[in-house]
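Please open the structure in your viewer and keep the selection panel at hand. The tour proceeds by selections, each followed by a description of what is found there.

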Amino acid sequence: MYLQRVYTTVEFVQHQNKPLGAKIQNVATNEISKTQIDRLGERLKKGDISDNDLRLLDKYRHSFSEPYGIVAGRICEGIKLEVTGRLVKSTKSISDKLRRESVRLTQIQDIAGCRLIVPDIAIQEVTIKSLQELFENTVVVDRRKQPSHGYRAVHVIVYCLGKTVEIQIRTSLQHLWAELSEKFSDVVDPAIKYGGGDKAIQDVLSKTSASVAVLELLEYEFSKVTTQLSLQEGFPDQRKRSLVNQQEKVNEARETTFQTLHWMIDNVSAFKGGASNVISD
């Protein structure tokens, strides 16, 4: 039943044996030219759009439906993960991105995208490798190393039928932080998501993002050390007890971080009058 919901525009069985890649020709017979698309992007950037422009944009976005269906299907079948998130980017999101960044409409790589939520960095790393094996032509953008206004995740760009489909891979903590940032943008100020708005709120987001990063790195390194030491013969019981105690402290820190992020998401409206007031309380 789940796969039937994913394949809104294409049956996976018709494509599962076909190779994916940027060099594959689009199957549409009435393909829009790149020049038309980029000229449309210029009009979207200026906010000077007509009904014909909106129809053209819908046609362009619809051209990503088949590649999206194939990619989502491969993920569900190949690595057994649930695909979440939107199918195609909204008109407002596209227009805002064109104004915010120096890109043409044909250069935007996340017109179509989906999301995978995994427990931690260790599983995130495994998932990245699995996607690279599953799809023959990918680009990995690691925003854990170069966060965007505090946003941390890994994006895998897949080339399919001449289109790009972005797969966001977030840990559960990275996802909670992203939800917090989105909530601040929706409730307080849209500029917050991209580094603008209230400075105190930006400080809160920056510090919580850094805390999540440190905790997840600690978890990841600790799990590797624990695995290596536990495989050693004659591993002292005292050392085992010490590792267990340290693991419990890491788990407690994780639970505290979860609770803090959930509390902030539930109480974002309290920050409308200024983050400093809430923080001081």
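The stops below begin with the whole chain and continue with individual elements.

**The whole protein**

Please display the full chain first, bearing in mind that this is a predicted model. The protein contains ten helices and four strands. Read from the N terminus, the order of its elements is α-α-α-α-α-β-α-β-β-β-α-α-α-α. Of its 281 residues, 41% count as buried. The protein exposes about 15,600 Å², and carbon and sulfur atoms supply 50% of that area. Among contacts between residues at least 6 apart in sequence, 69% join residues at least 24 apart.

**Helix α2**

Next, select residues 34–46, which form helix α2. This helix has 13 residues and spans 19 Å from its first C-alpha to its last, close to the 18 Å expected at 1.5 Å a residue. Which residues of α2 are buried? They are Ile37, Asp38, Leu40, Gly41 and Leu44. Viewed down the helix axis, the buried residues fall within an arc of 155°, and they therefore line one face of α2. Arg39 and Lys46, on the other side of the helix, are exposed.

Add residues 51–62 and 91–100 to the selection; these are α3 and α5, against which the buried residues of α2 pack. Gly47 follows α2, and its phi is positive, near 80°.

**Strand β4 and its neighbours**

Now select residues 163–171, the strand β4. This strand is mostly covered, as nine of its nine residues are buried. In a regular strand the side chains alternate between the two faces of the sheet. In β4, Lys163, Val165, Ile167, Ile169 and Thr171 point one way, while Thr164, Glu166, Gln168 and Arg170 point the other way; all are buried.

Add residues 112–118 to show strand β1, which pairs with β4 in the parallel sense over seven bridges. Within this region, Cys114 has Ile167 of β4 as its bridge partner.

Then add residues 154–160, the strand β3. In which sense do β3 and β4 pair, parallel or antiparallel? Their pairing is antiparallel, over seven bridges. Here His155 stands opposite Gln168 in β4.

**Two residues with positive phi**

Most residues other than glycine have a negative phi. The next two selections depart from that pattern.

Select Leu161, in the loop between β3 and β4. The two strands form a hairpin with two residues between them, and Leu161 lies in the turn. Leu161 has a positive phi of about 50° although it is not a glycine. Is Leu161 buried or exposed? Leu161 is buried, because its relative accessible area is 11%, under the cut-off of 20%.

Move on to His149, in the loop between β2 (138–142) and β3. His149 also has a positive phi, of about 55°, and is not a glycine. His149 is partly exposed, with a relative accessible area of 41%.

**Helix α9**

Finally, select residues 237–266, helix α9. How many residues does α9 have? The helix has 30 residues, and the distance from its first C-alpha to its last is 43 Å, close to the 44 Å expected at 1.5 Å a residue. Display the side chains of Leu243, Val250, Arg254, Thr257, Phe258, Leu261, Met264 and Ile265, which are buried in α9.

Methods. Residues are numbered from 1 along each chain as its sequence is written. This is a predicted model: local features need pLDDT of at least 70, side-chain atom pairs count only at pLDDT 80 or more; totals for chains, interfaces and linings use all residues. Side-chain values use heavy atoms; hydrogens and water are left out. The expected span of a helix is 1.5 Å times one less than its number of residues. Buried means under 20% relative accessible area, exposed over 50%, partly exposed in between (1.4 Å probe, protein chains only). Contact means heavy atoms within 4.5 Å. Accessible areas come from the Shrake-Rupley method with a 1.4 Å probe; for residues, only the protein chains shown count as cover. The arc is that of the directions from the helix axis to the C-beta atoms. Two strands pair if DSSP finds at least two bridges between them.
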